[in-house]
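Colleague: Got a minute to walk me through the charged pairs in this one? I'm new to it.
Modeller: Sure, let's look together.
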Amino acid sequence: MMSARMGFALLVGAVACSTHPVAAAPQTFDRAAVDAVFADLTESPVPGCALGVVRDGELVYGRGYGMANLEHEIPITTKSVFRIASVSKQFTGAVVAIAAMEGHLSLEDPLRKWIPELPDYGQPLTIRHALNHTSGLRDYITLMRLRGLRGDDFYTGEELISVQVRQEELNFPSGSEYLYSNSGYFLLAEAVARAVGKPFREYAAETVFGPLDMAQSHFHDDHDHIVPLRADGYAPLDGGGFRTSMTTLDMIGDGGVYTSIEDMVLWVHALTTDGLRPGLGATLETRGVLTSGEVIDYALGQQHGEYRGLATVGHGGSWVGFRTDVVRFPSERTSIVTLCNRSDGRPSPRARAVADVVLADRLGPRASPRARAGTADGRGTSTGSPISDLSPYVGTYYSPELDVDYHFVEVDGALIVRAGAGIDELVASVAGDTLRARSWTFRFTRAGGEVTGFELDAGRVVHVRFERVSTPGNR
């Protein structure tokens, strides 16, 4: 019996290794218009993107634009293997759901049943909460940055868990709000590994990648592991050109999947047809529900949405030099997969531009442009104004949850906050004792007129308490 991969290979194998278009079915759309969406990636040797348009399980149009490797000028193809960042979460969601189907755990289990090191926050914090970003868990990437680490600093999963364990409270009571947290998905991978008694990478290979013949796909839990046909990640330089942008971190669950356009054809088809395990698709598309009864758009690693009148299910990804997007149009049995190996790749707007061509006769009118307020997590980014009197804030403050000192110092008449090797930022005034640096908000507290500490809000981490431990006069 012919496997799914063998049949697919016969279909596109002869041409997929080139940068020329892969056409697996008669076209009903303007291929030149699709190529025009990526025209900026073909004018010179630059990093780029791989595109896959999937309909009824076939790659109706696939092509690489730009280079997978600049040093050796290796072009991107539909076989190129990309890190897909947070698009990985839908694979994690599937693995967790399968573990529940097999009786290893329950989606309603308290996360502490499998990660007992976590503090008892006095309320249920379930696996389902973590899957839907309603757990309240503080995001580990933000936590590490707040500890003063630089983007390319190395730390292990064990160190990450130890920092998570230090958190004395959640961002909010579990189930009451939605706030994106990579910590939940990292801890889910650890919980599954403990429940099934084997590494998460192996269990994912046995339950998802293997059954779907996704031979080029895996969870990358060892940064020294060699990946055949890997596309390197890049970031643009201010003066032109690019630098390599990869990671040495080995965390998986929240990210870490490497895959190709060819493998993603098999994945999106399985999602669309419930082709992996009967009933799995419905579980993966079940939206989260808050304790208030409000139904949110997020569902076990996928986001429900709408584009020009058509319902969509998908997710984006962003990590180091990779930007990715997968969007499915279930009613049209069509999916668009865009994998980029440059940090300015903009896969999501490119994917919608491709949809404008591929689904031109099915889409509704375009929405009128409108201004967007705030950031992706709903918190503002005002830079503030100069601080009239710096002296009340100058000093050192300590957070037991982050185990780090923040030093507020006066430099040339301005207030600067410093911590570790990664934080050296100008601080501005918002109002009263509320200050801001980057998109971080410091709400200072006083007793007897003297500043005693502050609470820090930083998007995916809020209400982190710092206590004053010194002033310039008592060091």
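Colleague: Is Arg333 buried or exposed?
Modeller: Neither, really: Arg333 is partly exposed, at a relative accessible area of 44%. Buried means under 20%, exposed over 50%, and partly exposed in between, using a 1.4 Å probe and protein chains only. This is a predicted model, where local features need pLDDT of at least 70, side-chain atom pairs count only at pLDDT 80 or more, and totals for chains, interfaces and linings use all residues. Residues are numbered from 1 along each chain as its sequence is written, and side-chain values use heavy atoms, leaving out hydrogens and water.
Colleague: Which side chain does Arg333 meet in a salt bridge?
Modeller: Asp56, at 2.6 Å, N to O. A salt bridge here is a side-chain nitrogen of Lys or Arg within 4 Å of a carboxyl oxygen of Asp or Glu.
Colleague: What does that pair tie together?
Modeller: Arg333 is in the loop between strand 13 (322–329) and strand 14 (334–340), and Asp56 in the loop between strand 1 (49–55) and strand 2 (58–65), so parts 277 residues apart in sequence are tied together. Strands are DSSP runs of E, at least two residues, and helices are runs of H or I, at least four, numbered from the N terminus.
Colleague: Switching topic, how many salt bridges does the structure hold?
Modeller: 27. Among them, Arg465 and Glu169 pair at 2.4 Å, N to O.
Colleague: Where do Arg465 and Glu169 lie?
Modeller: Arg465 is in strand 22 (residues 464–470), while Glu169 is in the loop between helix 6 (157–165) and helix 7 (182–196).
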